[in-house]
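Thanks for making the time, everyone. I would like to walk you through one model this morning, going from the strands to the core and then to a lysine.

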Amino acid sequence: MNLNHIIAGENQNENCPASPSGLKKHNWLSTNEIETKHGGEVFVRFICKRCKKTHDQLLSTEKFRLFERAIELNKFMEY
């Protein structure tokens, strides 16, 4: 399961250059870098499964709680 629906803005629909045709969207997964910031926001770093591009996202506490289980279960694992 990718987490593209959590990514805000243009990065959500950006094409991944590592996809076979270069026209598929990035397949975003979370990393182990999740931090609570002052003001109640949560920092989450995402990584594309195909090309390894990273994207940093600040989520409100409410949005993080809504997607917390999906973020925890869909972490990128390098084998």
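When I say contact here, I mean heavy atoms within 4.5 Å, and please keep in mind throughout that this is a predicted model.

With that meaning in hand, let me begin with V44, which, once its neighbours within four places in sequence are left aside, is in contact with S30, E33, I34, H55, D56, Q57, L59, F64 and I71.

Where does V44 sit in the fold? Strand 2 covers residues 42–48, and it pairs with strand 1, residues 28–36, in the antiparallel sense, over six bridges. Within that pairing, L29 stands opposite I47 of strand 2. The two strands form a hairpin with five residues between them, and in the turn G39 has a positive phi of about 95 degrees.

Turning now to the nonpolar core, the largest one has 14 residues, and the members that touch the most others are L3, I6, V44, F46, L59, F64 and I71. The elements giving two or more residues to this core are strand 2 and helix 1, which spans 61–73. As a general remark, nonpolar side chains in soluble globular proteins tend to be buried together.

Finally, which residues does K75, in the segment after helix 1, reach with its side chain? There is a polar contact of 3.5 Å with the side chain of N32, and another, of 3.2 Å, that joins the side chains of K75 and E72. Leaving aside neighbours within four places in sequence, K75 is in contact with S30, T31, N32 and I34.

Notes: Residues are numbered from 1 along each chain as its sequence is written. This is a predicted model: local features need pLDDT of at least 70, side-chain atom pairs count only at pLDDT 80 or more; totals for chains, interfaces and linings use all residues. Side-chain values use heavy atoms; hydrogens and water are left out. Two strands pair if DSSP finds at least two bridges between them. Helices (H or I, at least four residues) and strands (E, at least two) are DSSP runs, numbered from the N terminus. A nonpolar core is a set of buried Ala, Val, Leu, Ile, Met, Phe, Trp, Tyr and Cys residues joined through side-chain atoms within 4.5 Å. Buried means under 20% relative accessible area, exposed over 50%, partly exposed in between (1.4 Å probe, protein chains only). A polar contact is a pair of N or O atoms within 3.5 Å; within protein, one must be able to donate a hydrogen and the other to accept it, and residues adjacent in sequence count only if both atoms are side-chain atoms.
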